[in-house]
Amino acid sequence: MDTKPKSACDTCVHFNAEGLKKLGVNTTNFDFVVALAGNPNTGKSTVFNAITGLRQHTGNWPGKTVTRAEGAFEYNKKKFKMVDLPGTYSLLSTSEDEEVARNFLLFGKPSVTVIVVDASRLERNLNLVLQILEITDRAVLCLNLMDEADRNGIEIDTRSLARELGIPVVASSARFNKGIPELIQTISDLANGKVSCKPHRIKNIPKKIEKAVEKLSDEIKKEYPNLPNSRWIAFRLLEGDRHIMEVLRTGEFV
Amino acid sequence: MKSKSIEDIIALSNDLRWQIGDDFHDNLAEGIYADAAEIVSTTVKTKDADRKFRLDARIDKILTSKLWGFPLMFLILALVLWVTIVGANYPSAMLSSLLLDTVHPALKGFASNIGLPWWLDGFLIDGVYLAVAWVVAVMLPPMAIFFPLFTLLEDFGYLPRVAFNLDHLFKLSGAHGKQALTMSMGFGCNAAGVVATRIIDSPRERLIAIITNNFSLCNGRWPTQILIATIFIGAIVSPSMAGIASLSAVIGIAVLGIFFMFLVSWALSKTVLKGEVSTFNLELPPYRPPRFWKTIYTSLIDRTIIVLWRAIVFAAPAGAVIWLISNIYLGDESIASWMIHSLDGFGFLLGLNGVILVAYIVAIPANEIVIPTILMLTVLVSGIPGGEGAGVMFELDSVNATGQILRSGGWTLLTAVNLMLFSLLHNPCSTTIYTIYKETKSLKWTTVATVLPIVMGFVVTFLVAQIWRLYA
């Protein structure tokens with residue numbers, strides 16, 4: 001991540017927090033679209049509510065959000081539309097409740113994707129994170145439920161994690177509104193291009209497959225040079241995903 | 001030009017897929033897990049990791065145990081209902097004295113001062129206003145108690161444990177274990193329960209969950225159950241036991257609903273919706289101490305107000321219809337009394353009466369207004385003094401007065417029992433029917449979900465009435 005030097009006030013979220021306006025459901029004329037993704041029951045809706053000022057119903061069971069909810073906020077004179085996606089464990093399966101999230105991440109072209117994870121179950125959550133990082137190059141990891149991780153004696157080195165994943169990492173406890181100002185600041189920095197990412201790419205794949213992926217991905221890039229996720233599309237094609245083939249033919253996703 | 005090269009890419013992918021063999025998916029998944037493990041090993045440190053997990057596990061051992069799981073579930077349900085029933089009495093009485101005894105006469109006075117014609121005054125104030133006022137007075141207090149309690153349980157993490165406990169029964173009936181969650185949602189509102197079925201992947205099991213959601217006694221029907229149980233079931237035991245007796249009756253109906261849900265799920269999965277039961281992983285989330293005041297606030301504002309608003313929107317036109325059918329005469333009989341008399345025979349067969357059936361027809365938009373409609377129509381046909389006039393929906397000050405009206409309308413214990421059964425087993429409200437259509441996009445399954453419960457209602461009440469009359 002390369003960041004330009006900034007003055008102390010620029011980087012202080014509490015200074016900038018005055019520029020925040022929660023706009024609720026008023027999602028007209030936005031400058032950026034922010035997607036909120038993550039495993040079920042990691043507190044996505046709580047984060048969503050904390051940022052937009054909405055009161056989307058939350059509950060302690062997996063699969064609470066089944067449709068995508070939309071809200072908005074304004075930060076430093078820019079309007080952000082925020083989309084709360086249903087929780088998914090993976091983008092590789094084909095079940096119906098995961099489809100909403102999958103399609104939005106691939107074809108909705110969010111300006112920024114916030115990936116909410118449960119800090120006390122990081123390893124399991126990374127499965128989805130690594131998949132999303134194949135799709136987008138502008139994402140922030142929201143390490144949520146830090147209060148629970150603390151209680152469980154789990155310590156996370158957020159700086160190395162950010163380096164490993166190649167995206168900013170913000171620790172939060174959304175239920176207690178902790179970390180939310182920092183998260184908003186990071187979203188804004190990403191959207192405005194003040195911070196750029198170099199997302200982790202899946203490494204531990206057998207050579208033979210890696211070669212095939214590379215070959216296919218190069219061909220796709222020739223056709224669509226600006227596509228950030230040619231590798232992911234190559235994955236899907238190799239898996240025989242008919243939906244992706246259809247979309248490639250119609251060129252809908254560009 | 002472009003499309004040709006796209007076809008080339010797809011052709012290439014087909015070739016490559018052939019070359020790399022069919023374990024691509026597994027290889028990719030394993031790669032992802034290996035990456036995740038590497039990252040975690042350098043960034044996460046854990047000390048005395050299992051302390052909290054041990055506490056969670058200990059709570060789970062009790063809440064999901066074979067021995068205690070079910071009794072505790074019923075105990076919690078009973079407790080929630082008891083707090084709702086007892087707690088709602090006082091605010092209900094206050095609201096009805098305000099809206100019905102103070103505001104209503106004031107509105108009437110105002111209308112006659114400005115010289116509103118009698119029919120407009122009756123239509124608006126006695127029809128629309130009173131229906132809305134009744135819904136507010138009767139529904140708001142129990143909802144304002146029931147929803148927050150339910151949300152607290154939800155936030156604590158109890159619902160997935162219920163799903164875990166019931167999983168075995170769902171499997172036996174050929175349905176999906178997650179149906180336990182959608183069923184629980186149905187206890188609040190069936191339309192919400194139907195939408196929640198999206199968490200079930202298999203279309204077959206999802207349809208079962210949608211069709212049987214109506215057997216969860218919803219918020220619009222709890223007040224009916226509670227009122228009728230208090231009047232008729234509470235009265236057959238000694239006063240000291242009355243509360244317990246009526247509470248048990250209401251819980252009995254709710255449990256009967258769960259029983260029918262399993263029965264119908266089983267029947268569907270053995271006939272028209274045959275198929276394998278799918279396995280699934282249910283994550284038991286950690287117990288989280290709910291944020292008490294925040295939960296109370298949000299569930300009051302969101303759920304309660306939204307559901308109440310919906311009820312008002314539907315109750316207002318229903319109130320107007322009631323007033324109209326009682327005041328428009330065909331010959332020398334009002335439409336209402338004509339309908340009641342023509343349905344009386346069928347009603348008798350079911351151990352009900354014409355009034356109840358007409359009330360259910362009028363109340364299709366909102367189950368909440370069944371009881372006030374019944375009272376109003378009873379007064380209309382039996383000519384007992386009590387209300388303000390024909391077609392005027394009213395609420396009596398006390399449960400006793402309501403009971404007297406119903407008894408003089410020819411009600412017996414059988415009528416009460418069958419009304420409670422029929423309130424459980426009848427078509428879903430119009431919002432739910434519409435939601436089912438939106439979710440299934442199938443006229444056929446919407447019809448099944450609508451007609452099936454009401455046919456069951458007819459059969460069950462008919463059988464109960466016949467057996468009752470044989471032995472009583």
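1. Partly exposed means a relative accessible area between the 20% that bounds buried and the 50% that bounds exposed. A:R151, at 34% relative accessibility, therefore counts as partly exposed. That cut-off is needed for several of the points below.

2. The model is predicted. Its scores are ipTM 0.83 and pTM 0.69. For chain B the mean pLDDT is 83, with 92% of residues at 70 or more. Residues 386-391 of chain B are a weak stretch: pLDDT stays under 50 there. The model still gives that stretch 14 contacts beyond four places in sequence. Where pLDDT is low, predicted coordinates should not be read in detail.

3. Chain A, overall. It has 11 helices and eight strands. Of its 254 residues, 61% are buried. Take the contacts in chain A with a separation of 6 or more: 70% of them join residues 24 or more positions apart. The accessible surface of chain A is about 10500 Å². Carbon and sulfur atoms hold 48% of that surface.

4. Which residues touch the most other members of the largest nonpolar core? They are B:W222, B:I228, B:I374 and B:L419, in a core of 109 residues. B:I228 shows what such a position looks like. Beyond its neighbours within four places in sequence, B:I228 contacts B:I233, B:I371, B:L406, B:W411, B:A416, B:L419 and B:M420. Another core, of 93 residues, lies apart from it. A:A119, A:I156, A:Y224 and A:L238 are among the members of that other core. As background, nonpolar side chains in soluble globular proteins tend to be buried together.

5. Chain B also carries a nonpolar patch on the surface. Its members are B:F346, B:L349, B:V451, B:V455, B:V459, B:F462, B:L463, B:I467, B:L470 and B:Y471. Together they have about 970 Å² of accessible area. Two helices of chain B, α13 (335-349) and α19 (443-471), each supply at least two of these residues. The largest share, eight residues, comes from α19(B). B:L463 sits in helix α19 of chain B. Its relative accessible area is 45%, so B:L463 is partly exposed.

6. Helix α7 (residues 179-188) of chain B is mostly covered. How many of its residues are buried? The count is 10 of 10. The buried set includes B:Q179, B:T182 and B:S184, alongside B:L181, B:M183 and B:F187. The buried residues of α7(B) pack against six helices of chain B: α5 (118-156), α6, α8 (190-196), α9 (203-212), α10 (222-233) and α11 (239-270).

7. B:P160 belongs to one of those packing partners, helix α6 (residues 159-172) of chain B. B:P160 counts as buried, because its relative accessibility is 0%. B:P160 and B:A180 are 20 residues apart in sequence. In space they are 8.2 Å apart, C-alpha to C-alpha. B:A180 is itself one of the buried residues of α7(B).

8. Salt bridges: the structure holds 17 over all chains. Buried or exposed: what is the setting of A:R121? A:R121 is buried, because its relative accessible area is 15%. The side chain of A:R121 forms a salt bridge with that of A:D118, at 3.2 Å from N to O. A:D118 is buried too, with a relative accessible area of 3%.

9. A:D147 and A:R151 form another salt bridge, at 3.8 Å from N to O. Why is the spacing about one helical turn? Because the two residues are four apart in helix α6 (residues 146-151) of chain A. A:R151 is the partly exposed residue from point 1, at 34% relative accessibility.

10. One salt bridge joins A:R249 and B:E7, at 2.6 Å from N to O. The pair crosses between chains: A:R249 is in helix α11 (residues 242-250) of chain A, and B:E7 is in helix α1 (residues 2-20) of chain B. A:R249 counts as partly exposed, because its relative accessibility is 39%. B:E7, at 35%, counts as partly exposed as well. Salt bridges that share partners also join A:E134, A:R201, A:E210 and A:R231 into one network.

Methods:
Residues numbered from 1 in each chain as written. Chains lettered and ligands numbered in written order. Predicted model: local features only at pLDDT ≥ 70, side-chain atom pairs only at ≥ 80, totals over all residues. Heavy atoms only, no water. Buried < 20%, exposed > 50% of the residue type's maximum accessible area, 1.4 Å probe, protein only. Contact = heavy atoms within 4.5 Å. Areas by Shrake-Rupley, 256 points an atom, 1.4 Å probe, with all protein chains shown as cover. Patch = residues over 30% accessible without salt bridge, like charges linked within 9 Å, V, L, I, M, F, W, Y side chains within 5 Å. Salt bridge = Lys/Arg side-chain N within 4 Å of Asp/Glu carboxyl O. pLDDT = per-residue confidence, 0-100. Core = buried A, V, L, I, M, F, W, Y, C linked by side-chain atoms within 4.5 Å.
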